[in-house]
Amino acid sequence: TRMAPEYPVSKATPIPVTGRIGIDYEIDIDDWTVRVEGPDGEPLDELDLTAFESMPQDDMVIEHKCIEGWSSIVHWGGVKFRDFHERYADQVGDVPYVSLETPDGDYYVGWDFESIVHPQTMLVLREGTEPLTQEHGAPLRLATPNKYGIKCLKRIGVIRYSNERPDDYWAFRGYDWYSGL
């Protein structure tokens with residue numbers, strides 16, 4: 001429940017383009033969807049961009065920290081993950097984990113439930129007031145000031161609730177599974 005510092009919009013700067021795994025090609029945003037799955041792999045929903053745009057919107061100006069040692073103050077806009085989760089809470093029950101992956105499955109992250117429903121974890125649609133660019137994960141990415149950027153998946157294609165701790169791209173390569181700050 002600890003809150004990270006937030007900043008005035010005037011402190012925000014464009015975030016550098018890094019990490020192209022799973023987003024190394026352009027997509028047709030009009031054809032993009034997110035598949036939402038329950039803990040047994042059952043499909044719960046298939047959502048397009050308009051579904052996320054119709055959810056309660058929020059903004060935050062936070063520090064994005066990269067595991068490579070740089071950071072940037074970024075103005076994000078979108079849907080708090082905890083608000084998104086309310087749509088599925090009754091269907092998934094008390095799950096301990098959530099995983100997310102790119103549409104092609106090349107990049108994937110695992111989150112503990114308490115971290116992903118933290119008030120500062122957001123499903124991002126905008127950087128500042130502009131829609132996300134493809135190189136920053138358009139049309140939907142994850143952002144939080146409480147974990148390193150390696151956990152902030154770009155171009156979400158699947159959101160999966162899980163009773164088992166999910167795989168994580170960088171944890172498989174020796175990094176900490178939680179990657180928390």
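**Strand β10 and the aromatic contacts around it**

In this predicted model, strands β1 and β10 run parallel and are joined by 3 bridges. Within this pairing, Glu37 has Arg160 of β10 as its bridge partner. Strand β10 also pairs with β5 (residues 97–101), here in an antiparallel arrangement with 5 bridges. Leu100 is found opposite Ile159 of β10. Of the 5 residues of β10, 4 are buried, so the strand is largely enclosed by the rest of the structure.

Aromatic contacts come next. The whole structure contains 11 aromatic pairs. One of them joins Trp32 and Phe52, whose rings are tilted, with a centre-to-centre distance of 6.1 Å and 45° between the planes. Because Trp32 lies in the segment before β1 (34–37) and Phe52 in helix α1 (residues 49–53), this pair ties together parts that are 20 residues apart in sequence. Both Trp32 and Phe52 are buried.

A further pair brings the discussion back to β10. The ring centres of Tyr88 and Tyr161 are 6.4 Å apart and their planes meet at 50°, so this pair is tilted. Tyr88 belongs to the loop between α2 (81–85) and α3 (89–92), while Tyr161 is part of strand β10 (residues 158–162); the contact thus links distant parts of the chain, 73 residues apart. Tyr88 is buried, as is Tyr161. Ring pairs also connect these residues into a cluster made up of Trp32, Phe52, Phe81, Phe84, Tyr88 and Tyr161.

Charged side chains meet aromatic rings as well. The charged end of Lys147 sits over the Trp111 ring, 5.4 Å from its centre. Arg155, in turn, lies over the face of Tyr25, with a distance of 5.3 Å to the ring centre.

Arg155 deserves a second look for its backbone. This residue is found in the loop between β9 and β10, and its phi is near 50°, a positive value in a residue other than glycine. With a relative accessible area of 0%, Arg155 is buried. Ser179, in the segment after β10, likewise has a positive phi, near 45°, and is a residue other than glycine. The relative accessibility of Ser179 is 3%, so this serine counts as buried.

One peptide bond rounds off the backbone description. The bond from Ala138 to Pro139 is cis, with omega near 5°. Pro139 is placed in the loop between β8 (130–131) and β9 (141–143).

Definitions and conventions. Residues numbered from 1 in each chain as written. Predicted model: local features only at pLDDT ≥ 70, side-chain atom pairs only at ≥ 80, totals over all residues. Heavy atoms only, no water. Phe/Tyr/Trp six-rings, centres within 6.5 Å; stacked < 30°, edge-to-face > 60°. Helix = DSSP H or I, 4+ residues; strand = E, 2+ residues; numbered from the N terminus. Buried < 20%, exposed > 50% of the residue type's maximum accessible area, 1.4 Å probe, protein only. Lys NZ or Arg CZ within 6 Å of the ring centre and 35° of its normal. Pairing = 2+ DSSP bridges.
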